[in-house]
Amino acid sequence: MSYYDSSNKIRRRKVNSSNSHKNSIDSDIVTSRYKQENNKINRKKIDEDFELEKEIYYKKRDKKRRKRHQLIKRSLSVSLAVIFVATIVASLAVFISLKGSTKITKDLIYNSYVTENIVPVDEIPKDLKNAIIATEDKRFYEHGGVDIRSLTRSVVNNILTDSTQGGSTIDMQVSKNLLTCEDKTMKRKITDMYNAMQMNKIMTKDEILGAYLNNIYFGKGSYGVANAARTYFGKDVRDLNLAQCAMLAGITNNPAKFMQYDAAKRRQAVVLNNMYKQGYITNEQYKDALSDPTPFKSEIA
């Protein structure tokens, strides 16, 4: 083989090698471009899918919102209709209950007293008045005869539970004790509420409290604090101490039960605790009264 031939072969190999490398590069470029185009297509599809899912999500969300708004509107409409009907019914009940009702005056109250053994309210021990208020009507000096908060709580409790909770104020009990009756009817309740509000227009709170304390039943045939002090402790009401005042105040809740000494003593602890929590007595007074045996006159005898 001649030198020319060998050189020519080497040259051809180099040319071929160069072409092969160039073709490889071109192929890589094409592949890269293909991948880029493919990635663009994939990203576009992903973006389209995302937009579609987002659109579906917002449509579902808007649909749920519309349903919720419609439900709220219907609920409000029904509630307003119920309130409207209830208001009409309540107004009719009030109108019927109060039709022909007697005008409330001080003379009407005083002439209705059930006992003649009366004690002026300013001579009744402060501890006894505070004990009654703390246990029976803690917002007595704040409301105008009807305690809306207490009444609402009572209604809700009576509807949702099996227990019965009263919502009467001291003013309403004065009406029940002196002007209406013990009947558990809606008419009587409405009348007592009306009478209580009328009393607050013509009487001071202390006068109303005096009417209550001078006529409330304490059991053992005793009406009013003067008779009760004599019956249970053999003392003038003006001479009662804190422990005795708390004992008498506790009896009014249920005279048939608490006119017995053991039950009255347990109830006394509740009254004293109420007085302490509401700031009527100090911790020392609370403990001293709680430890006082406070015997009934019958227990001593």
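Accessible areas here come from the Shrake-Rupley method with a 1.4 Å probe. On that basis, the chain in this predicted model has an accessible surface of about 19,700 Å², and carbon and sulfur atoms hold 54% of that area. Welcome to a chain with 13 helices and zero strands; the points below go from the overall fold to a surface patch, a buried lysine and the cysteines.

**Overall fold**

- From start to end, the chain reads α-α-α-α-α-α-α-α-α-α-α-α-α, in keeping with its 13 helices and zero strands.
- The chain has 301 residues, and 32% of them count as buried.
- Among contacts in the chain with a separation of 6 or more, 65% are between residues 24 or more positions apart.

**A nonpolar patch on the surface**

- Val114, Tyr217 and Tyr223 together make a nonpolar surface patch of about 250 Å².
- Val114 sits in the loop between α2 (106-110) and α3 (126-136).
- Val114 has a relative accessibility of 44%, so this residue counts as partly exposed.
- That value also fits the patch rule, because patch residues need over 30% relative accessible area and Val114 has 44%.

**Lys205 and its surroundings**

- Lys205 is part of helix α7, which covers residues 205-213.
- Is Lys205 buried or exposed? With 13% relative accessibility, Lys205 counts as buried, because the cut-off for buried is under 20%.
- A polar atom of the Lys205 side chain lies 2.8 Å from the backbone oxygen of Phe140.
- The Lys205 side chain also has a polar contact of 3.1 Å with the side chain of Asn200.
- Which residues does Lys205 touch, once its neighbours within four places in sequence are left aside? They are Phe140, Tyr141, His143, Gly145, Asp171 and Asn200.
- Phe140 and Asn200 therefore appear twice in this picture: each is in contact with Lys205, and the polar pairs at 2.8 Å and 3.1 Å involve them, with pairs of N or O atoms within 3.5 Å counting as polar contacts.

**Cysteines**

- How many disulfides does the model have? The count comes to zero, on a rule that asks for a pair of cysteine sulfur atoms within 2.5 Å.
- Cys181 counts as partly exposed because its relative accessibility is 29%.
- Cys245, at 0% relative accessibility, counts as buried.

Technical notes. Residues are numbered from 1 along each chain as its sequence is written. This is a predicted model: local features need pLDDT of at least 70, side-chain atom pairs count only at pLDDT 80 or more; totals for chains, interfaces and linings use all residues. Side-chain values use heavy atoms; hydrogens and water are left out. Helices (H or I, at least four residues) and strands (E, at least two) are DSSP runs, numbered from the N terminus. Buried means under 20% relative accessible area, exposed over 50%, partly exposed in between (1.4 Å probe, protein chains only). Contact means heavy atoms within 4.5 Å. Patches are made of residues with over 30% relative accessible area and no salt bridge: like charges are joined within 9 Å, nonpolar side chains (Val, Leu, Ile, Met, Phe, Trp, Tyr) within 5 Å. A salt bridge is a side-chain nitrogen of Lys or Arg within 4 Å of a carboxyl oxygen of Asp or Glu. A polar contact is a pair of N or O atoms within 3.5 Å; within protein, one must be able to donate a hydrogen and the other to accept it, and residues adjacent in sequence count only if both atoms are side-chain atoms.
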